[in-house]
Amino acid sequence: MRKERLTAPPEFAEELAETLRRQPRQIPSKYLYDELGSALFEAICRLPWYRITRAEASMLVRHARDILRPLRRPVTLAELGGGSGEKIALLIGAAAEPFPLIQLIDISAAALEMARYRLQAIGVRDVMTHHLAYEQGLMRAVEQRPPDASLVVLFLGSNIGNFTPEAARDLLTRIRQSLRPGDALLLGTDLVKPERELLLAYDDPLKVTAAFNRNLLRRINDELGGNFDLDGFSHRATWNAAARRVEVFLVSARWQHVAIPDADIEFELEAGERIWTESSHKYEPDQVMAEGLAAGFTGGEQWVEQGAQFALTRFDVDD
Ligand code: AVI
């Protein structure tokens with residue numbers, strides 16, 4: 001029986017053709033999150049070696065009231081890329097106050113529906129979803145904000161770590177430009193920690209992260225007709241101390257010929273050649289603060305979880 005081709009996002013083929021021609025060859029990390037990849041990422045968040053999700057969740061509960069204390073009431077929230085809404089639900093539950101509007105921005109329609117359901121189950125009535133990328137979604141959220149309420153943008157999970165430093169700065173600046181005096185940004189960032197801990201988080205003994213990474217090749221095969229042999233690649237994570245980032249690769253076990261017909265690309269891989277699939281930047285607490293100020297925020301407050309080394313920072317926009 002002929003296997004049916006899954007539909008690829010419109011720009012996937014073109015972007016892949018460009019990034020796979022670079023040296024080293026690359027695949028943009030945003031493509032890690034198809035349906036299977038998102039499920040594997042949910043599993044990663046439950047691994048004992050990947051502490052970001054649990055650390056952030058416990059901080060949101062513990063500090064909810066302090067985080068929201070200086071804001072003018074009522075407060076509305078808009079979360080960028082919040083997935084199934086677990087974290088915003090924790091914050092809302094712990095804050096124990098009414099929020100007239102919650103806006104959710106995500107590129108996954110399934111995640112948005114799950115998040116809406118989760119929030120409605122804890123009694124949140126006004127949930128608006130925007131099935132859009134971060135920046136377009138943020139613009140829509142700003143258009144929809146009630147005029148007499150303050151707005152807190154949530155950008156959690158250290159998602160900012162997957163941006164290059166330039167792109168991260170750019171996004172923080174755009175968020176700042178979309179806010180008004182009295183608004184705030186709540187940013188979650190993973191911090192620099194011992195290399196051993198970082199490598200266990202990104203190359204776990206259960207090999208879930210390896211499966212998450214290799215799933216990129218499965219996706220290219222299924223959506224673009226690629227011929228990647230999944231067994232011909234190993235997962236590797238390394239710590240680049242100078243750039244303060246974990247770098248994630250798929251390493252070719254042998255010489256191989258790769259063809260991806262729908263992206264119109266064919267190439268050879270040498271034994272040991274790497275395809276770079278992800279970077280996860282780690283920050284120092286002061287550096288996070290400095291980035292916010294450089295983006296135009298006027299100040300803020302920071303909470304650090306010492307065990308997992310994770311920071312939550314609220315950046316303010318003063319009058
Ligand atoms: C989504 N993002 C913040 C994760 C991270 O830690 O960089 C993605 C991830 N990649 C491997 N494990 C987790």
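Ala39 is partly exposed, with a relative accessible area of 46%, and sits in helix H2, which covers residues 35–45. Its C-alpha atom is 8.9 Å from that of Phe212, even though 173 residues separate the two along the chain. Keep in mind that this is a predicted model. With 10 helices and 13 strands in the protein, here's a quick run through the overall build, the odd backbone spots and the charged side chains.

**Overall build**

- The protein has 319 residues and a radius of gyration of 20 Å, which agrees with the value near 20 Å that a compact globule of this length would have.
- Laid along the principal axes, the C-alpha atoms fill a box of roughly 60 × 45 × 30 Å.
- Buried residues account for 52% of the 319.

**Backbone spots worth a look**

- Some background first: most residues other than glycine have a negative phi, and most peptide bonds are trans.
- Where does the peptide bond from Gln23 to Pro24 stand, cis or trans? That bond is cis, with omega near -5°, and Pro24 belongs to the loop between helix H1 (12–19) and strand S1 (25–26).
- The peptide bond from Arg73 to Pro74 is cis too, again with omega near -5°. Pro74 is in the loop that runs between helix H3 (52–68) and strand S2 (75–80).
- Ser158 isn't a glycine, yet its phi is positive, near 60°. You'll find Ser158 in the loop between strand S5 (150–155) and helix H7 (165–178), and its relative accessible area of 5% makes it buried, because the cut-off for buried is under 20%.
- Lys207 is another non-glycine residue with a positive phi, this one near 65°. Lys207 is in the loop between helix H8 (195–202) and helix H9 (208–224), and with a relative accessible area of 47% it counts as partly exposed.

**Salt bridges across the chain**

- How many salt bridges are there? The count comes to 23.
- One of them pairs Glu273 with Arg25, the closest N and O atoms being 3.1 Å apart. This pair links distant parts of the chain: Glu273 is in the loop between S10 and strand S11 (274–281), Arg25 is in strand S1, and the two positions lie 248 residues apart in numbering.
- Are Glu273 and Arg25 buried or exposed? Both are buried.
- Arg169 and Glu291 also meet through their side chains in a salt bridge, at 2.9 Å from N to O. Arg169 comes from helix H7 and Glu291 from helix H10 (residues 285–294), so the bridge ties together parts that are 122 residues apart in sequence.
- The two partners of that bridge don't share a burial class: Arg169 is partly exposed, at 40% relative accessible area, whereas Glu291 is buried, at 15%.

**Salt bridges involving helix H9 and a small network**

- Arg219 and Glu223 form a salt bridge, with 3.0 Å between the closest N and O atoms. Both residues lie in helix H9, four residues apart, which is about one turn of the helix.
- Which class do these two fall into, buried or exposed? Arg219 is buried, with a relative accessible area of 7%, and Glu223 likewise counts as buried at 7%.
- Asp34, Arg218 and Asp222 are joined in a network of salt bridges.

**A negative patch on the surface**

- Which residues form the negative surface patch? Asp264, Glu266, Glu268 and Glu270 do.
- Asp264 is in the loop between strand S9 (256–260) and strand S10 (265–269).
- Asp264 counts as exposed because its relative accessibility is 66% and the cut-off for exposed is over 50%.

Methods: Residues numbered from 1 in each chain as written. Predicted model: local features only at pLDDT ≥ 70, side-chain atom pairs only at ≥ 80, totals over all residues. Heavy atoms only, no water. Patch = residues over 30% accessible without salt bridge, like charges linked within 9 Å, V, L, I, M, F, W, Y side chains within 5 Å. Areas by Shrake-Rupley, 256 points an atom, 1.4 Å probe, with all protein chains shown as cover. Salt bridge = Lys/Arg side-chain N within 4 Å of Asp/Glu carboxyl O. Lys, Arg positive; Asp, Glu negative; His and termini not counted. Charge placed at Lys NZ, Arg CZ, Asp CG, Glu CD. Buried < 20%, exposed > 50% of the residue type's maximum accessible area, 1.4 Å probe, protein only. Rg over C-alpha atoms; globule rule 2.2 N^0.38 Å.
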